[in-house]
Amino acid sequence: MVLFATTNAEKVREAQAYLGPSVEHLDYDYIELQSESLSEIATHGANEAFHAAGGDRPVITDDSGIFIDDLGGFPGPYSSYVYHTIGLSGILTLLKKFDSPRAYFRTSIAYCSNEQIVVFEGSIKGTIVDPRGNEGFGYDPIFEYNGKTLAEMDILEKNAISHRGRALAKLASWLENDPVEHRGVK
Ligand code: IMP
């Protein structure tokens with residue numbers, strides 16, 4: 001059993017689609033560290049949430065960001081703030097003069113238990129396009145990979161190629177290979 005500390009139920013749905021029901025949602029809003037490193041933010045949050053939840057069950061956190069090449073990596077670790085301020089339309093306005101702007105999405109998942117804190121990273125390269133699709137959340141409608149936006153993929157399709165899916169794959173294989181930490185997580 002692993003607690004996923006996040007206020008974003010969509011992230012939990014993706015983790016459960018990958019790791020199964022042994023991932024439980026801990027609806028906990030940890031203080032987000034001001035940092036340019038997604039791993040540092042995730043690690044700090046996992047440590048805080050682990051103790052807040054009593055310190056007897058492993059906790060994971062996920063910090064993600066979209067990095068747009070033509071904007072020097074903006075918004076990166078500020079993706080959430082930018083999403084809630086200028087939104088997808090604001091991003092598209094900033095990118096008007098660029099042709100097929102390239103971007104990548106990155107996720108850091110931090111796992112915190114009594115024994116250790118371990119970070120798993122995943123990324124995906126794509127292109128920013130006008131919004132398409134109704135699945136997913138956040139920047140999914142404007143992030144295209146192999147001709148489809150992430151919002152045009154179902155959860156399993158997205159997990160198979162996404163930044164989060166890649167980080168979850170590393171977490172899953174680590175959990176499977178660690179006899180101490182393997183507590184019913186598949
Ligand atoms: P955070 O990890 O919750 O800080 O995410 C930063 C921003 O990226 C938020 O606006 C999220 O909605 C967005 N985001 C995180 N993961 C994804 C994803 O898998 N697809 C699209 N947007 C995402």
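**The ligand and its surroundings in a predicted model**

Visitor: How far is an oxygen atom of the ligand from an N or O atom in the side chain of H163?

Guide: This is a predicted model, and the distance is computed from its atoms. The pair joins an oxygen atom of the ligand to an N or O atom in the side chain of H163, and the separation is 2.8 Å.

Visitor: What share of the ligand's exposed area does the protein bury?

Guide: Taken alone, the ligand exposes 480 Å². Of that area, the protein buries 91%.

Visitor: Which residue has a backbone N or O atom 2.9 Å from a nitrogen atom of the ligand?

Guide: Backbone atoms also approach the ligand. For S64, a backbone N or O atom lies 2.8 Å from an oxygen atom of the ligand. The partner of the ligand nitrogen atom, at 2.9 Å, is Y139.

Visitor: How many charged residues does the shell around the ligand have?

Guide: The ligand is surrounded by 15 residues, and the closest include K11, D140 and R164. Strand 3 (59–68), helix 3 (79–85) and helix 6 (163–177) each supply at least two residues of this shell. Divided by class, the shell has 4 nonpolar and 5 polar residues, and its charged residues number 6.

Visitor: Which side chain makes a polar contact with the side chain of E144?

Guide: E144 belongs to strand 7, residues 143–145. Beyond its neighbours within four places in sequence, E144 is in contact with G126, T127, V129, R132 and T149. The polar contact, at 3.0 Å, is with the side chain of R132.

Visitor: Which residue is joined to P75 by a cis peptide bond?

Guide: P75 lies in strand 4, residues 75–76. Omega is about 0° for the bond in question, and the partner of P75 is F74.

Visitor: What value is phi of S100 near?

Guide: S100 sits in the loop between helix 4 (87–94) and strand 5 (102–112). Its phi is positive although the residue is not glycine, and the value is near 45°.

Key. Residues are numbered from 1 along each chain as its sequence is written. This is a predicted model: local features need pLDDT of at least 70, side-chain atom pairs count only at pLDDT 80 or more; totals for chains, interfaces and linings use all residues. Side-chain values use heavy atoms; hydrogens and water are left out. A residue is near a molecule or strand if one of its heavy atoms lies within 4 Å of it. A polar contact is a pair of N or O atoms within 3.5 Å; within protein, one must be able to donate a hydrogen and the other to accept it, and residues adjacent in sequence count only if both atoms are side-chain atoms. Accessible areas come from the Shrake-Rupley method with a 1.4 Å probe; for residues, only the protein chains shown count as cover. Helices (H or I, at least four residues) and strands (E, at least two) are DSSP runs, numbered from the N terminus. Ala, Val, Leu, Ile, Met, Phe, Trp, Tyr, Cys and Pro count as nonpolar, Asp, Glu, Lys and Arg as charged, and the others, Gly among them, as polar. Contact means heavy atoms within 4.5 Å.
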